[in-house]
Amino acid sequence: VNELQSLVGSRLNNVFDVSNGRYLFKFDTSTGKRFIYTYSGYRVYEMKHPPTNRRKIPTTFCSKLRKHCGNKRLTSVQRIHHDRVIDFTFGCNNHTHHVIVELYSKGNIILTDQHYKILTLLRSHVFDDQNKILTNAIYPQDHLMHFDNLHLSHDVKAHHDHQPITIDKWNVFVDSLGPDAFVDSKFIVPYRCVLLNKQRQR
């Protein structure tokens, strides 16, 4: 995210549909054209030599990105709650739109209005009644919990209760998370799974 800050203030010239889940954002800057490559669920980075093989006819999703964000200035780039979620803000006031890129699990790219109402997205998902990632829903910023400094060892400490646990207890905890959970090297899981684990301990 820090490397993308130099793009703030630049105007989005166009959005190209490269392939499934892959999009190329072209910016006009004071030093020339710059390209940001987004691969849903995997990476976001600046590309000096963008791919020339692109879809001749953009998808509906790409067309909506062009419609709502095209020719607008990038006003901010930030992470949401220090998780692997990047919020690109285009425009200002009533003309603000957000492009949210989720870089965990299966990934997602979400377009919202200034109130974070979802206009379109690559993948719909429902965590629970309060956390729904669906068209016309408000993007929930509490559906993720980032586990910092958590390592698999015999003296591991659970971030949510600070109680030492064993490998066996950790495995039981992971098994209890359910099919909606995703645990990777940074241990990002749906927030409801943490609540579920707490409730079981009561």
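**A colleague's note: Ser40, the cavity and its strands**

1. Let's start with Ser40, which sits in the loop between S3 and strand S4 (43–46). Keep in mind as you read that this is a predicted model. Buried or exposed, where does Ser40 fall? Ser40 is buried, because its relative accessible area is 8% and the cut-off for buried is under 20%.

2. The surroundings of Ser40 are worth a look in your viewer. A polar atom of the Ser40 side chain lies 2.7 Å from the backbone nitrogen of Asn108. Leaving aside residues up to four places away in sequence, Ser40 touches Gly21, Glu102, Lys106, Gly107, Asn108, Ile109 and Leu122.

3. One of those partners, Gly21, takes us to a hairpin. In the hairpin of S1 and S2, with two residues between the strands, Gly21 takes a positive phi near 75°. Strand S1 (residues 11–19) pairs with S2 in the antiparallel sense, over seven bridges. For a pair to display, try Asp17, whose bridge partner in S2 is Tyr23.

4. S2 also pairs with S3, again in the antiparallel sense, this time over eight bridges. These two strands form a hairpin with two residues between them. Here Lys26 has Phe35 in S3 as its bridge partner. How much of S2 is covered? S2 is mostly covered, with six of its eight residues buried.

5. Now for the empty space. Rolling a probe the size of a water molecule over the atoms shows where such space is left. How many cavities of 30 Å³ or more does a search of the whole structure find? The search finds one. The volume of the largest cavity is about 50 Å³.

6. Which residues line the largest cavity? The lining is made up of Phe25, Phe27, Ile36, Thr38, Phe88, Phe90, Val99 and Val101. Strand S2 (22–29), strand S3 (32–39), strand S6 (85–90) and strand S7 (97–102) are the elements that each give two or more residues to this lining. By residue class, the lining has seven nonpolar residues, one polar and no charged.

7. Two backbone angles may catch your eye if you check torsions. Asn93 is not a glycine, yet its phi is positive, at about 55°. Asn93 is found in the loop between S6 and S7. With a relative accessible area of 64%, Asn93 is exposed.

8. Tyr116 is another residue other than glycine with a positive phi, near 65°. Its place is the loop between strand S8 (108–112) and strand S9 (118–121). Is Tyr116 buried or exposed? Tyr116 counts as buried, because its relative accessibility is 17% and buried means under 20%.

9. Towards the start of the chain, Asn2 is in the segment before S1. Asn2 counts as exposed, because its relative accessibility is 70% and the cut-off for exposed is over 50%. How far apart are Asn2 and Val77 in sequence and in space? They are 75 residues apart in sequence, and 8.5 Å apart in space from C-alpha to C-alpha.

10. Finally, the overall picture. The protein has three helices and 13 strands, and 45% of its 202 residues count as buried. Of the contacts in the protein with a separation of 6 or more, 41% are accounted for by residues 24 or more positions apart.

Key: Residues numbered from 1 in each chain as written. Predicted model: local features only at pLDDT ≥ 70, side-chain atom pairs only at ≥ 80, totals over all residues. Heavy atoms only, no water. 1 Å grid on protein atoms, 1.4 Å probe; cavity = no way out; pocket = protein on both sides within 12 Å on 5 of 7 lines; lining within 4 Å. Points joined across faces, edges and corners; volume = space filled by probe spheres on them. Helix = DSSP H or I, 4+ residues; strand = E, 2+ residues; numbered from the N terminus. Nonpolar A, V, L, I, M, F, W, Y, C, P; charged D, E, K, R; others polar. Buried < 20%, exposed > 50% of the residue type's maximum accessible area, 1.4 Å probe, protein only. Pairing = 2+ DSSP bridges. Polar contact = N/O pair within 3.5 Å; in protein donor to acceptor, adjacent residues only side chain to side chain. Contact = heavy atoms within 4.5 Å.
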